[in-house]
Amino acid sequence: MKHVLVTGASRGIGRNTALLFARKGYHVFLNCNQSVGQLKEVKAQIEANGGSCSLTVGDVGDPHDVRHIFEIISKDCDALDILVNNAGIAHIGLLIDMTGEEWMRVIQTNLSSVFYCCRAAIPGMVNKKRGKIINISSMWGTSGASCEVAYSASKSGVHGLTRALAKELAPSNIQVNALACGVIDTDMNGQLTKEERKELEYQIPAGRFGTAEEAAQMVWDIANAPEYLTGQIIGIDGGF
């Protein structure tokens with residue numbers, strides 16, 4: 001059986017990714033930090049459909065928690081086949097109004113978590129000479145978004161990390177790619193008013209928000225792409 005860790009798996013893209021991999025026969029390590037009740041619902045849904053999974057609760061932006069998470073993983077397998085770094089938070093507001101604590105929380109959750117999880121997963125993958133790392137990012141990591149400076153900076157960092165790590169791990173037959181999502185219909189965009197949502201939809205050539213299911217399908221497609229695909233920032237944004 002193959003093994004995948006999905007961080008931020010309690011809802012949205014992470015939840016749908018976990019459910020999809022479970023349906024495809026993977027043992028899924030489910031992670032979240034705060035929404036444990038929702039994560040247990042994902043676990044129950046997977047098991048009700050005959051799937052296999054484990055809970056690995058913890059803050060992936062904290063190196064001590066990540067160490068504990070991978071101790072749990074090591075009891076079931078000696079190496080992950082796939083790591084999906086999905087955990088992320090948003091912060092909307094003017095840069096001058098942002099506190100240092102708020103800045104660090106976004107950077108730690110969105111960017112440092114990718115570093116900590118990759119660092120923990122890589123030794124096992126290198127030992128087996130195979131593995132795939134998929135980082136869930138955003139189109140704002142390329143173009144930047146007004147009033148989302150910290151979020152944009154963190155995702156831009158994910159893009160740089162992805163490209164550099166792909167070069168570092170290519171000789172070990174480990175592929176590293178990022179999925180740069182556009183406006184996906186998840187809780188992260190739930191704070192939008194009806195007017196703001198309509199205005200955004202007007203700007204998207206596809207005329208609508210993407211779905212978490214579509215993003216999860218892209219994660220699956222990247223995970224099953226030819227090994228020559230590495231170091232890429234792959235967009236799914238309705239032509240935005």
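Tyrosine 116 is buried in this predicted model, with a relative accessible area of 17%. Its partner in a ring pair is phenylalanine 115, and here the two centres lie 5.2 Å apart. The planes of phenylalanine 115 and tyrosine 116 meet at 50°, so the pair counts as tilted. Phenylalanine 115, for its part, is partly exposed, at 40% relative accessible area.

That pair belongs to a wider topic, the aromatic rings. Searching the whole structure turns up five aromatic pairs. One of them brings tyrosine 26 and tryptophan 220 together edge-to-face, with 5.9 Å from centre to centre and 85° between the planes. Where do these two rings sit along the chain? Tyrosine 26 is in the loop between helix H1 (12-23) and S2, while tryptophan 220 is in helix H8 (residues 212-223). The two are 194 residues apart in sequence, so this pair ties together distant stretches of the chain. Both rings are tucked away: tyrosine 26 is buried at 8% relative accessibility, and tryptophan 220 is buried at 14%. Phe21 joins in as well, since ring pairs link Phe21, Tyr26 and Trp220 into a cluster.

Now for the sheet. Seven strands make up an open sheet, and their order is S3-S2-S1-S4-S5-S6-S7. The pairing is parallel. Which strands sit at the edges? They are strand S3 (52-55) and strand S7 (233-236), each of which pairs on one side only. On average, neighbouring strands of this sheet are turned by 20° against each other, direction ignored. At the S3 edge, strand S2 (residues 27-30) runs parallel to S3, and four bridges connect them. For histidine 27, the bridge partner in S3 is serine 52.

On to the charges. Side chains of opposite charge can pair when their charged atoms come close. How many salt bridges does a search of the whole structure find? The count is six. Three of them are set out here.

| Salt bridge | Closest N to O distance |
|---|---|
| Lysine 43 – glutamate 47 | 2.7 Å |
| Lysine 128 – aspartate 78 | 3.2 Å |
| Aspartate 185 – arginine 197 | 3.0 Å |

Take lysine 43 and glutamate 47 to begin with. They are four residues apart in helix H2 (residues 36-48), which means about one helical turn separates them. Lysine 43 is partly exposed, with 23% relative accessible area, and glutamate 47 is partly exposed too, at 39%.

The salt bridge between lysine 128 and aspartate 78 has a longer reach along the chain: these residues are in parts 50 residues apart in sequence, so the pair ties those parts together. Lysine 128 belongs to helix H4 (residues 100-128), and aspartate 78 to the loop between helix H3 (63-74) and strand S4 (82-85). Are these two buried or exposed? Lysine 128 is partly exposed at 33% relative accessibility, whereas aspartate 78 is exposed at 59%.

Then there is aspartate 185, whose side chain meets that of arginine 197 in a salt bridge. This pair links distant parts of the chain, 12 residues apart: aspartate 185 is in the loop between strand S6 (174-181) and helix H7 (194-203), and arginine 197 is in helix H7. Aspartate 185 is partly exposed, with a relative accessible area of 41%. Arginine 197 is partly exposed as well, at 29% relative accessibility. Salt bridges with shared partners join Asp185, Arg197 and Glu201 into one network. Arginine 197 also has an aromatic contact: its charged end sits over the ring of phenylalanine 209, at 4.2 Å from the ring centre.

Last, the cysteines. A disulfide is a covalent bond between the sulfur atoms of two cysteines. How many disulfides does a search of the whole structure find? It finds zero. Why does cysteine 181 have no such bond? The closest cysteine sulfur belongs to cysteine 118 and is 17 Å from the sulfur of cysteine 181, too far for a bond; the cut-off for a disulfide is 2.5 Å. Cysteine 181 is buried, at 4% relative accessibility, whereas cysteine 147 is partly exposed, with a relative accessible area of 29%.

Key
Residues numbered from 1 in each chain as written. Predicted model: local features only at pLDDT ≥ 70, side-chain atom pairs only at ≥ 80, totals over all residues. Heavy atoms only, no water. Buried < 20%, exposed > 50% of the residue type's maximum accessible area, 1.4 Å probe, protein only. Pairing = 2+ DSSP bridges. Axes fitted to C-alpha atoms, helices over the stretch in contact; angles between N-to-C directions. Salt bridge = Lys/Arg side-chain N within 4 Å of Asp/Glu carboxyl O. Phe/Tyr/Trp six-rings, centres within 6.5 Å; stacked < 30°, edge-to-face > 60°. Lys NZ or Arg CZ within 6 Å of the ring centre and 35° of its normal.
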